[in-house]
Amino acid sequence: MRGRTPWLRRIGVLFIVLWSLVPIYWVLNISLQTDAQMSAKPAHYVPPTPSLNNYLSLLTGGGNVPYSIRQSTINIVIECSAATIVTIVLASLAAYSFARMKFRGRNVLFYTVLATMAFPPYITLIPLYRIMTFLGLVNTYTGIVLVYVSGFIPLATWILYNYMLSLPIALEESGQVDGASRMQVLWHVVLPLARPGIVSTAIITFIFGWQQFLFPLVLSSDISTEPLTVVIAALQGKHTVPYTLLSAAGVLAIVVPAVIALALNRYIVSGLLKGSVK
Amino acid sequence: MNIATQSDNPRQLRRRRARRRIDLLPYGLVLPLAIFIVGLALIPAAFTIVQSFFTVQPLNPPTRFSGFDNFRRLFSTDAVISSIGNTGLYIVIGVVLSTVLAIFMAVTLQKNFFGRSILIAIMVLPWALPGVVEGIVWANIWNSNTGLLNSLLTSAHLIDNYQVFLGQHRLLTILAIEIVQVWQITPLSTLLIMASLQNIPNDLFEAAELDGSSPWATFRRITLPLIRPGITIAMVQALIQTLNVFDQPYILNGSATAGSSLTMQTYFISFQNLDFGEGYALSLLMAVATMVISLGVLKLVYRPVEF
């Protein structure tokens with residue numbers, strides 16, 4: 001809109017900044033206060049005596065709450081990393097096959113994969129729980145990672161498929177003329193060219209993993225596999241953990257995705273658009 | 001949509017055929033994906049469909065066919081009925097609010113200006129955060145004793161006493177909870193609408209300006225009709241998210257009926273009452289509802305656009 005008055009954009013810019021950042025500022029603000037300070041009316045809009053005590057007690061303190069926060073942080077990192085790696089490897093292979101090879105049944109399989117993206121996420125929740133019970137994989141990293149991969153792999157395949165289709169074919173052909181096998185072409189030509197798409201997909205997959213709550217709530221039964229999200233929800237539900245400490249735990253849980261989202265924003269935007277517009 | 005394959009020129013094809021009748025490599029490459037899709041998506045979905053017509057209760061075996069019994073029990077449970085209403089409200093509030101906000105943000109970010117890419121990063125930020133933690137973040141804002149909103153309203157002398165936002169009035173509770181979800185889903189909607197905006201040729205806006213069209217008229221007559229494809233996808237994704245809302249009401253309202261959603265009922269029925277059959281039935285109904293309403297939105301909002 002050429003003639004749009006600049007003040008409207010200024011309001012828009014101000015709105016975006018306040019809307020996105022005020023809630024995050026506020027949880028940060030609470031996490032730096034003491035319980036007494038937090039109860040003030042009206043509230044302290046900046047911490048009167050900023051202190052990292054809440055963080056220190058979570059990261060170094062003894063007792064049940066700090067222990068479960070630390071253990072569940074390890075769990076969430078392991079689960080998200082493993083799910084991301086498996087998803088990316090399997091989705092890259094499949095996407096290459098869909099994008100560059102002809103084979104009987106390709107379209108049926110491809111459209112089936114796309115169709116599962118339209119499933120409401122929780123339609124498979126109860127059967128997956130029962131399958132994992134049957135396989136003895138409830139409350140194991142393996143069980144959680146398998147379920148994550150099954151949930152994330154359709155979108156990852158779709159993004160990588162679109163990305164590989166957009167790559168120039170000429171380089172691959174010259175590789176084949178030089179006598180390289182198709183797997184060598186994939187490894188030495190396609191994957192290096194597709195690296196930005198792979199990075200996008202990996203970031204999005206990792207963030208989706210970090211957000212999971214209902215699936216791990218059902219699939220893990222104790223602190224040996226519970227991710228950070230499940231532990232934080234449990235602490236909040238008990239109403240015995242002070243809000244300041246809970247806020248500090250919340251900040252710990254958003255640091256990783258927030259840093260990724262701010263630093264690698266370009267990859268996220270391009271990946272999300274490759275995954276949804278067609 | 002066609003899947004383009006470009007690698008097979010006739011000579012290579014002949015050479016490969018000579019070597020082996022069936023080319024096994026593409027099957028090998030898609031096999032792991034196929035195993036995941038069949039084993040952990042299709043079979044579970046089929047399970048849900050079939051077993052919703054069975055009584056499946058671990059504490060009351062065996063599993064036995066029971067026709068529409070699960071569905072009948074669902075519709076005679078008060079908590080389920082009130083959750084249907086709640087979820088309807090979540091959908092309407094969430095889809096409308098996130099779409100309107102996304103159009104506003106996308107138009108703000110349409111033209112290039114200094115700091116635009118940083119602003120996009122800030123805009124995307126809430127999308128990346130876990131719903132559970134967003135619940136914690138916003139609990140600090142809605143809280144009736146120490147919340148930011150109460151504090152601001154008091155400081156501005158708009159209220160005399162701190163108010164309770166969650167758990168008392170049904171509509172207010174649902175609005176407060178849904179705002180938290182809107183915070184999470186609006187960034188993706190904004191990106192989708194921005195992509196649509198970028199497809200509009202610039203000469204259209206220039207022509208409108210030459211003709212003396214006001215900014216509002218340009219927005220109504222040019223921008224809005226031409227971004228309908230983006231708006232449609234944004235509304236469908238918002239619809240799927242809001243219909244399945246779980247994390248935010250679970251954290252902000254616990255199990256209280258004032259804001260409980262259908263996904264929460266599925267969880268309670270299956271994993272607290274241990275009535276899997278009824279849980280299957282509810283999941284199945286929600287899946288059907290998702291598809292029907294999505295198609296409805298598509299029919300109502302989508303118009304093909306050509307430049």
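A nonpolar core is a set of buried Ala, Val, Leu, Ile, Met, Phe, Trp, Tyr and Cys residues joined through side-chain atoms within 4.5 Å, where buried means under 20% relative accessible area, exposed over 50%, and partly exposed in between, with a 1.4 Å probe and protein chains only. The model is predicted, with local features needing pLDDT of at least 70 and side-chain atom pairs pLDDT 80 or more, while totals for chains, interfaces and linings use all residues. Residues are numbered from 1 along each chain as its sequence is written, chains are lettered from A in the order in which they are written, and side-chain values use heavy atoms, without hydrogens and water.

**Exercise 1.** Find the residues with the most contacts inside the largest nonpolar core, and place that core relative to the domains of chain A.

Solution. Step one: the largest nonpolar core has 174 residues, and those with the most contacts inside it are Phe98(A), Ile232(A), Met123(B), Trp127(B) and Trp138(B). Step two: domain 1 (1-50) and domain 2 (62-275) of chain A both contribute residues, so this core lies between them; the domain bounds come from an automatic or database domain assignment.

**Exercise 2.** Determine how far helix H12 of chain A is enclosed, and by what.

Solution. Step one: helices here are DSSP runs (H or I, at least four residues), numbered from the N terminus. Step two: eight of the 11 residues of H12(A) (residues 228-238) are buried, so this helix is largely enclosed by the rest of the structure. Step three: among the buried residues are Leu228(A), Ile232(A) and Gln236(A). Step four: with contact taken as heavy atoms within 4.5 Å, the buried residues of H12(A) pack against H4, H10, H11 and H13 of chain A, together with H6 and H12 of chain B. Step five: just after H12(A), His239(A) takes a positive phi of about 60°.

**Exercise 3.** Locate the cis peptide bond that ends at Pro42(A), and describe the backbone at His157(B) and Leu274(B).

Solution. Step one: the bond from Lys41(A) to Pro42(A) is cis, with omega near -10°, and Pro42(A) lies in the loop between H2 (35-38) and H3 (53-60) of chain A. Step two: His157(B), although not a glycine, has a positive phi of about 60°; this residue sits in the loop between H7 and H8 of chain B and is exposed, at a relative accessible area of 69%. Step three: Leu274(B) has a positive phi near 50°, is found in the loop between H13 and H14 of chain B, and counts as partly exposed at 28% relative accessibility.

Definitions and conventions:
Helices (H or I, at least four residues) and strands (E, at least two) are DSSP runs, numbered from the N terminus.
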